[in-house]
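Trainee: I have a model open and want to learn how to read a sheet. Where do I start?

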Amino acid sequence: MTKKVLMLAAKANMIQQFNHRNIKILQDLGYEVHVATNMVDFGSMSAEENERFKQWMIDNNVIAHQVDFERRMGSLKGNIRSIRQLRQIFRENDFAFIHAHSPLGSILGRLVAKQFKVPTIYTAHGFHFFKGGPKSGWLVFYPLEWFFSFITDTLITINDEDYELAEKHMHAKRTFKINGIGVDVVHEWLVTEEEKKSARQNIRRELGIPADAFLLSSVGELSDRKNHRVVLEALKLMSPDELKHTYYVVAGTGDNGDMLYNLAKNFNFQEHFHLLGYRSDIHAINYASDVSIFPSLREGLGIAGLDATVDGTYLIGTNNGGVSDYIRDGVNGNLFSPDSPQELSHLIKGRLQRAPTMNRRFDFLKRFDHANVDKVMLVVYRRYE
């Protein structure tokens with residue numbers, strides 16, 4: 001009889017962005033992999049990327065199930081509908097275990113899995129409560145995570161702070177820590193300085209940015225949580241002379257594009273500000289940049305920030321969440337409070353006169369290589385054989 005496992009998340013982007021390799025690991029262990037997610041309201045990726053992901057599942061024999069999960073924590077009516085859809089999937093399939101992601105998906109998934117007596121693995125991609133975080137996170141999400149930890153077989157966290165909190169306060173049978181989904185550190189360190197210089201020239205030529213300009217970049221959806229506005233607020237505090245040769249580009253899609261453009265226009269910076277939309281050449285954008293800025297209000301680990309520092313780009317990142325796991329202050333970057341444009345402006349000014357260094361490599365980043373993450377996931381999955 002074929003072993004079956006269910007990968008579950010509220011939005012398809014969570015599976016697409018974080019679980020390709022997990023699916024392949026499970027298939028190599030002999031599992032028939034099913035995915036339950038919302039592929040209609042698919043989250044923070046482009047429609048084209050969503051179609052490519054659906055085709056990837058077909059090509060790789062992954063069985064997809066549409067579940068109409070709503071946004072954020074959903075409505076009562078919507079969540080009841082999603083539970084009914086999940087129950088039907090469980091009735092039709094005898095799963096060995098499920099691997100759940102995202103707050104809403106994991107809560108509803110664990111409820112149904114408990115009913116069908118199916119063990120649950122839950123990866124918390126950054127708890128919504130953290131040191132210095134808003135009280136609402138502690139009042140709403142902490143009780144939810146604490147309660148549902150009692151019906152969690154294995155809890156996986158992706159940063160040091162969450163792991164310590166889970167070990168002390170959550171009640172899953174087992175707790176593991178992985179370094180996010182991992183990035184290809186070894187491969188990126190094989191890219192030569194000549195290749196990076198070529199990519200730098202090509203990106204700047206494409207965007208009309210002078211070779212000697214000071215380029216800041218950010219990667220992430222255009223949302224309140226990703227907080228790109230604080231970068232523009234920080235730039236607004238700089239003098240006209242400092243801004244004359246400074247540019248800022250953001251790669252990502254979302255609803256805040258007009259707001260960000262108007263904010264840049266407010267201090268006559270719009271000609272030096274570019275919204276790039278979805279990009280598949282993020283490494284080249286990192287090579288083209290003098291500084292990468294990762295300003296999220298909350299971040300589990302932040303793969304975009306990790307990619308930037310592995311690529312050798314100086315990184316200024318939020319001090320909330322897992323970004324501090326891979327930034328050593330003053331070595332490969334700086335940490336700042338994401339609600340302080342003054343602090344960020346000071347850090348940007350401190351980099352203005354520095355020559356770019358593109359082939360910076362730091363041994364402490366090796367633990368984030370995806371091979372090390374995959375080793376932990378293999379240990380987790382083998383417990384259910």
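Mentor: Start with one pair of neighbours. This model is predicted. Strand 5 and strand 6 run parallel, joined by four bridges. Pick one bridge to see it: Tyr 122 has Leu 155 in strand 6 as its partner.

Trainee: What links strand 5 to strand 6 in a β-α-β unit, and what is its hand?

Mentor: Helix 6, residues 135–149, sits between them in the unit, and the unit is right-handed.

Trainee: Now the other side. How many bridges pair strand 4 with strand 5?

Mentor: Four, again in the parallel sense. Here His 99 is bridged to Ile 121 of strand 5. Strand 4, helix 5 and strand 5 form a right-handed β-α-β unit too.

Trainee: Which strands does helix 5 touch?

Mentor: Helix 5 (residues 103–115) packs on the sheet against strand 1, strand 4 and strand 5. Its direction makes about 155° with that of strand 4.

Trainee: How do I read the two faces of a strand?

Mentor: In a regular strand, side chains alternate between the two faces of the sheet. Now look at strand 5. Thr 120, Tyr 122 and Ala 124 lie on one side, Ile 121 and Thr 123 on the other.

Trainee: Are those residues of strand 5 buried or exposed?

Mentor: All are buried, so both faces are covered.

Trainee: What is the strand order of the whole sheet?

Mentor: The order is 3-2-1-4-5-6-7, an open sheet of seven strands with parallel pairing. Strand 3 (63–66) and strand 7 (174–177) are the edges, each pairing on one side only. From one strand to the next, the twist averages 20°.

Terms used:
Residues are numbered from 1 along each chain as its sequence is written. This is a predicted model: local features need pLDDT of at least 70, side-chain atom pairs count only at pLDDT 80 or more; totals for chains, interfaces and linings use all residues. Side-chain values use heavy atoms; hydrogens and water are left out. Two strands pair if DSSP finds at least two bridges between them. Helices (H or I, at least four residues) and strands (E, at least two) are DSSP runs, numbered from the N terminus. Axes are lines fitted to C-alpha atoms, for helices over the stretch in contact, and angles run from 0 to 180 degrees between N-to-C directions. Contact means heavy atoms within 4.5 Å. Buried means under 20% relative accessible area, exposed over 50%, partly exposed in between (1.4 Å probe, protein chains only). A crossover is right-handed if, with the strands pointing away from the viewer, the path from the first strand over the helix to the second runs clockwise.
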